[in-house]
Amino acid sequence: MMKILIIVPAYNEEESLPGALRDLRASLPSADVLVVNDGSTDSTGKIACESGVKALHLPFNLGIGGAMQAGYRYAEQYGYDIAMQFDGDGQHLGKEIDKLVKPLLMGESDLVIGSRFLLPGTYRASLFRMIGIRIFSFIISRILGTPVTDSTSGFRAANRRVIEFFSRTYPDDYPEVEALVLLHKARLRITEVAVAMGERTGGVSSITPIRSVYYMVKVLLAIFIDLLKKVR
Amino acid sequence: MDVIKILAVIGSAAVLVVVIELIRRGRLKEKYSLLWLAAGSILLILSASRELLEYLSHLVGIYYAPSFLFLLAFLFLLLITLHFSVVISGLSEKNKRMAQELALLRQELRELAARVTDKREGRS
């Protein structure tokens, strides 16, 4: 029996977290759920404690990278075979998790990304955001040598080798795209599967219009620095 | 003696005195003082000896010797700030690890505490 850990990074997600946890309990009762409360100032921590799931409470806000790495380190310490990232804002759906886990169970891949863009779907985003996602996907596809359509997707599942890698090395902020480059350098396999995503049910995206320019520049720079980095 | 020389000697001597005093009082760790001490000493020697300064600046093709002094001071500051950036990066990585470790330990403690209460109440 494979031990699966679902990591839910949460920073001030009191509105949407209860729904996400209900969804997970209903669709995957056998998996363990770990909320990583990234120094929230609202009742996120309390919700996590009272809902009976496992929870890591970071003493202050580390950002999504540090929070996810805390989750991967938990998975590493407690011998989980598979660790998922599952955002608690309602965009990720519990019923789609099986699709991500399957290629890992079959040994076909080390990291599986759930992509919004493989299905002719209804996903809409601002023009600027779409351009950004396209640019990243183009660069990442070139670097990896395989097409990646949704490199910024946070809906992903990792096997034991990736869990061990991430608990040693994980990018700090805006980690999704960078993590793929690092995994590729470590010769780990990355694949994508088509998933449906829901609408955000609460909170706001951490990427505001002003920040998105910084986001683009920072991630692009980081990708090229990562290519030069030594990877253990 | 020209004014620039007096100023340079006083300036670099002051740097040395302040750095040494900070180390003596334990406000500055030796590890982080090495670059400051090196900068202070070299600038002091070069300010005091016009001949050496002239010789070295001509060697690198600078014909107004005091500007060689400024160049050196500038390079030292650059080196020191770069050193700080490296140190800060190391510290922030350690800080992150520590925060993660703390959260992991807290969860472990909570799980252990739950197990202990379960046992006491004869539930497992």
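**Exercise 1. Find what follows helix α5 of chain A, and check the length of the helix.**

Let's start at the end of the helix: α5(A) is followed by A:Gly145, whose phi is positive, near 80°. Keep in mind that you are working with a predicted model.

Step 1. Helix α5 of chain A covers residues 127-144, which makes 18 residues.
Step 2. The expected span is 1.5 Å times one less than the number of residues, so this helix should span 26 Å.
Step 3. The C-alpha atoms at its ends lie 25 Å apart, which agrees with the expectation.

**Exercise 2. Decide which residues of α5(A) are buried and which are exposed, and say how the buried ones are arranged.**

Step 1. Look for residues with 20 or more other C-beta atoms within 10 Å of their own: in α5(A), the buried ones are A:Gly132, A:Phe136 and A:Ile140.
Step 2. Now look down the axis of α5(A): the buried residues fall within an arc of 55°, so they line one face of the helix.
Step 3. Their packing partners in chain A are α7 (175-185) and α8 (209-228).
Step 4. Turn to the other side of α5(A), where A:Leu127, A:Ile131 and A:Arg142 are exposed.

**Exercise 3. Trace the sheet of chain A and name its edge strands.**

Step 1. Read off the order β3-β2-β1-β4-β6-β5-β7: this is an open sheet of seven strands with mixed pairing.
Step 2. The edges are β3 (54-57) and β7 (190-194) of chain A, since each pairs on one side only.
Step 3. From one strand to the next, the twist averages 20°.
Step 4. Zoom in on one pair in chain A: β5 (residues 111-115) and β6 (residues 156-159) run antiparallel and are joined by three bridges. Here A:Leu111 stands opposite A:Ala158 in β6(A).

Conventions:
Residues are numbered from 1 along each chain as its sequence is written. Chains are lettered from A and ligands numbered from 1 in the order in which they are written. This is a predicted model: local features need pLDDT of at least 70, side-chain atom pairs count only at pLDDT 80 or more; totals for chains, interfaces and linings use all residues. Helices (H or I, at least four residues) and strands (E, at least two) are DSSP runs, numbered from the N terminus. A residue is buried if 20 or more other C-beta atoms lie within 10 Å of its own, exposed if 12 or fewer, and partly exposed in between; C-beta atoms are placed from the backbone. The arc is that of the directions from the helix axis to the C-beta atoms. Two residues are in contact if their C-beta atoms, placed from the backbone, lie within 7 Å. Two strands pair if DSSP finds at least two bridges between them. Axes are lines fitted to C-alpha atoms, for helices over the stretch in contact, and angles run from 0 to 180 degrees between N-to-C directions.
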